[in-house]
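Me: I want to learn how the labels on a metal site are earned. Can you take me through them?

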Amino acid sequence: MTWKQVFTSSVGKKLVMAFTGIFLILFLIVHAGLNACIWANDGGEMFNKGAHFMGANVVPRILEIGLFVGLILHIVQGLMLELDNRKKRSVGYAVAYSDGSKWYSRSMGILGTLILLFLVLHLSDFWFPNRAHQNFVLGEEIDLYAKMKETFSVLWVVIVYVLGCLSLGYHLAHGFQSAFRTVGVHNRKYNLMLVSLGLGFSIVVTLAFAMMPLSFYFGWIN
Amino acid sequence: MEHYNMNLTVKVWRQKNSREKGGFQSYPVKDISSEMSFLEMIDVLNEQLIRDGEDPIAFDHDCREGICGMCSMYINGKPHGAWKANTTCQLHMRAFKDGETITVEPWRAGAFPVIKDLMVDRSAFDRIIQAGGYISVNTGNAVDGNSLPINKDKADASFAAAMCIGCGACVAACKNSSAMLFLSAKVSHLALLPQGEPERKSRVINMVAQMDKEGFGACTNTGACEATCPKEISISNIARLNQEYLVASLTSDK
Ligand code: HEM
Ligand code: SF4
Ligand code: FES
């Protein structure tokens, strides 16, 4: 089987979704962990150190390119799969069927699109101004903690961020376990574990991210 | 269980052939016994239609004992009706109440075009099986059944996958019209046994290729298929298929 055959087959396309999805999950762990430094309550000192390490060093900046490639692959492949799947039933049912599946497992394309819209806002809030300030090389960065404080003083921004986190949470509630099924994990002992691990991970990640804008808005940190 | 008779309205999809547009038509049926099967109820309705000089409703059926996979019908929003682990031919009228309106639709999927009324063309499944759902055996005397030791767990898992009757309910239930539960059952029952070993890699590669060619969608692991399957084929078979495919794609020669 040639690589072309693999990556143009339905199972191969799903493998791309799963591997990029797992890669994005790993990124989320790093991202959430680093951002949690805002709760050190030290006026952002620890957080800015961490952010500086990610922004001003060659290795994380190379990894960042990988992150964008993975993200774009995931988005393009995901939207194409979603559109393609929708074309497979031209005449729909009069009475809809919904047994055995959760609403969020049936809404991965919509949830993904919501995340994408959120990402446009999110990147233009932090990533873009910071990299522009660096002239897109390894230059001087802006004070990201102060930037967060300023961004999250506006109510509608906080609401959009919380909704974005919720979309991500539901996307992961199905995506986490689905990705492992897609790469072939079928042993019953792991399946049960992956379902609970996936739900737990989605809840923790959603809460952690959603608490950040809320903490600034309500002044829980200085 | 108490036996009772009921009057019903059957709202059924009528379509002359694959080219013409279809639509719903409602028919009243009277004195239906709670002990009839769903197909017997349709038989009664068809005799009524023939008496009235109308075209009877075309539908697929064969064994009428839940083993052949010919019957289909999407009844009140569920493939094979509301009973779990059950086929339409084994759905009995006691599942319904007097005065009810029952909506009956054909399987809906681009890969299963309507032939007439409730009958759809499922030959795509036959072509998927032809692409790799076989094993090679030497001619001559049959080998002794016990000459190949097979682990009991594997034999059981293989047998559970081999239960698939190829009815297509999984496709009908899936939001993506994916045939992955069917395909995974067909790949798994051979992949688990030593007899399936010689064609192990080519089987999964060729069957997936044929499935894609037939126009089924890509699986997103929602679980709708498993919930509707009359033979309770486990969705874990899909993950096994994915593993078979991943290994075959990484280790094939070309
Ligand atoms: C950090 C962000 C994201 C993470 C961590 C993530 C994670 C995942 C995971 C783990 C899967 C499951 C893969 C599988 O079933 O094999 C998945 C599927 C999917 N994702 Fe994402 N995703 C993210 C962002 C997005 C975005 C921005 C979009 C689209 C605009 C998107 C669209 C989809 C679609 C359409 C699927 C396919 C559903 C399926 O195959 O079950 N995702 N995602
Ligand atoms: S997997 Fe189940 S629903 Fe699908 S064809 Fe086989 S028996 Fe029918
Ligand atoms: S007619 Fe054979 S399974 Fe229903």
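Reply: Here are some terms, each set against its cut-off.
This is a predicted model, where local features need pLDDT of at least 70, side-chain atom pairs count only at pLDDT 80 or more, and totals for chains, interfaces and linings use all residues. Residues are numbered from 1 along each chain as its sequence is written, chains are lettered from A and ligands numbered from 1 in the order in which they are written, and side-chain values use heavy atoms, without hydrogens and water.

Me: What makes His74(A) and His171(A) donors to the iron atom of ligand 1?

Reply: Donors are N, O and S atoms within 2.8 Å of the metal (3.2 Å for Na, K and Ca); water is not among the atoms, so sites may look incomplete. The NE2 atoms of His74(A) and His171(A) coordinate the iron at 2.0 Å, so they count. His74(A) sits in helix α4 and His171(A) in helix α7 of chain A, 97 residues apart. Helices are DSSP runs (H or I, at least four residues), numbered from the N terminus.

Me: Why is the site of the iron atom called octahedral?

Reply: Six donors count as octahedral if opposite donors are over 155 degrees apart and all others between 65 and 115. Here the six donor atoms make angles of 86 to 179°, and the site is octahedral. Ideal angles for six octahedral donors are 90 or 180 degrees.

Me: What makes the contact of Ser178(A) with ligand 1 polar?

Reply: A polar contact is a pair of N or O atoms within 3.5 Å. A polar side-chain atom of Ser178(A) lies 2.4 Å from an oxygen atom of ligand 1, so the pair qualifies. For Thr182(A), the value is 2.8 Å. For Lys14(A), it is 3.1 Å.

Conventions
A polar contact is a pair of N or O atoms within 3.5 Å; within protein, one must be able to donate a hydrogen and the other to accept it, and residues adjacent in sequence count only if both atoms are side-chain atoms. Four donors count as tetrahedral if all angles lie between 85 and 135 degrees; four count as square planar and six as octahedral if opposite donors are over 155 degrees apart and all others between 65 and 115; anything else is irregular. Helices (H or I, at least four residues) and strands (E, at least two) are DSSP runs, numbered from the N terminus.
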